[in-house]
Amino acid sequence: ALPVTHVYNPLDYAWGAHRAYLDRYCKPGAGVLLLGMNPGPWGMVQTGVPFGEVALVRDWMDISTGVKRPSIEHPKRPVDGFDCHRSEVSGRRLWGWASKRFGSPDEFFDRFFVWNFCPLAFMEEGGRNRTPDKLPAEEKDPLFEMCDLALNRIVEFMDPEWVLGVGKFAEGRARAALTDSRQIGTILHPSPASPIANRGWAEQVEKQLKALDIL
């Protein structure tokens, strides 16, 4: 309902790229699931990969195909896929840290996997992103029920020791959704809208992960 005018589902139009991400990097036994909120306009919306800043998905993960255009496209939020020249700051920070800290994708994904709680992106008429927590209850409740189920299934598949929300929203959803005694925590969200994240996000996340005895 208004004010949302467009809903993008990268698991549909970018399924080829998302499937490549799952096939290569979603591994049983990885110790930590990093849980984001939902796709960003220059990240997963373009690449089908959570926090999927184009350059790092293409050049580091070696995923560069499998994205089509959504059937109904917002004129101010075109999907250019791997031809998109915009950079997702959150994704550049998260995947940039992963690439520098671990070197190869396999080294990172042996220990971590990154997943979004909600796979849908909601846009208002002017192009503004509307996050899932801002949806009315009659839309949010059935959506979250499906997302809770999907989260439980990927946790069952991976069997991670930790589920860490990338930000407080995702931590809260993990605590509400997961039905076992998994360890749940949080790390700082890398959004440029966060003044704290703008003061050395990678260094702060290193400290948080070390405090949890994950690094």
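How much space lies in the second largest pocket? I looked that up before anything else, bearing in mind that this is a predicted model. The second largest pocket holds about 210 Å³ of space.

**Second largest pocket**

I pulled up the lining next and found 13 residues, with Leu 11, Phe 117, Pro 119, Cys 147 and Ala 150 closest to the centre. I then asked which elements give two or more residues to this lining, and got β3 (112-116) and α7 (137-158). The largest share is from α7, with four residues. Sorted by class, I have 11 nonpolar residues and two polar ones here, and no charged residues.

**Largest pocket**

I moved on to the largest pocket, which has a volume of about 600 Å³. I noted 26 residues in its lining, and Ser 90, Asn 129, Thr 131, His 189 and Ser 191 lie nearest the centre. Two elements give two or more residues to that lining, namely α5 (89-102) and α8 (168-177). I checked where the largest share comes from, and α8 supplies it with three residues. By class, I wrote down 12 nonpolar, 12 polar and two charged residues for the lining of the largest pocket. The second largest pocket, for the record, has no charged residues in its lining.

**The cavity**

How many cavities of 30 Å³ or more are there? I get one, and the volume of the largest cavity is about 30 Å³. I listed what lines the largest cavity: Pro 39, Gly 40, Pro 41, Val 45, Ala 121, Met 123 and Asn 129. Five of these count as nonpolar and two as polar, with no charged residues in the set. I spotted Asn 129 in the cavity lining, and Asn 129 is also one of the residues nearest the centre of the largest pocket.

**The sheet**

Next I traced the strands. I see an open sheet of four strands, ordered β3-β2-β5-β6, with parallel pairing. Why is one side of β3 and of β6 (183-187) left without a neighbour in the sheet? Both stand at the edges and each has a single partner strand, so there is no neighbour on the other side. I also noted the twist, which averages 25 degrees from one strand to the next.

Then I went through the pairs. β2 (residues 32-36) runs parallel to β3, and the two pair over five bridges. Leu 34 has Val 114 of β3 as its bridge partner. With β5 (residues 162-166), β2 pairs in the parallel sense over four bridges. Here I found Val 32 bridged to Trp 162 in β5. I looked at α8 against the sheet as well: α8 packs on it and touches β2, β5 and β6, and its direction makes about 170 degrees with that of β6. That is the helix I had already met in the lining of the largest pocket.

**Back to β3**

Is β3 mostly covered or mostly open? It is mostly covered, since I count five of its five residues as buried. I checked which way each one points. Phe 112, Val 114 and Asn 116 go one way, Phe 113 and Trp 115 go the other, and all are buried. In a regular strand the side chains do alternate between the two faces of the sheet. I end with a cross-reference: β3 also gives two or more residues to the lining of the second largest pocket.

Note on methods: Residues are numbered from 1 along each chain as its sequence is written. This is a predicted model: local features need pLDDT of at least 70, side-chain atom pairs count only at pLDDT 80 or more; totals for chains, interfaces and linings use all residues. Side-chain values use heavy atoms; hydrogens and water are left out. On a 1 Å grid over the protein atoms alone, a cavity is a set of points where a 1.4 Å probe fits but cannot get out, and a pocket is an open set with protein on both sides within 12 Å along at least five of seven lines; lining residues have an atom within 4 Å of a point. Grid points are joined across faces, edges and corners, and a volume is the space filled by probe spheres set on the points. Ala, Val, Leu, Ile, Met, Phe, Trp, Tyr, Cys and Pro count as nonpolar, Asp, Glu, Lys and Arg as charged, and the others, Gly among them, as polar. Buried means under 20% relative accessible area, exposed over 50%, partly exposed in between (1.4 Å probe, protein chains only). Two strands pair if DSSP finds at least two bridges between them. Axes are lines fitted to C-alpha atoms, for helices over the stretch in contact, and angles run from 0 to 180 degrees between N-to-C directions. Contact means heavy atoms within 4.5 Å.
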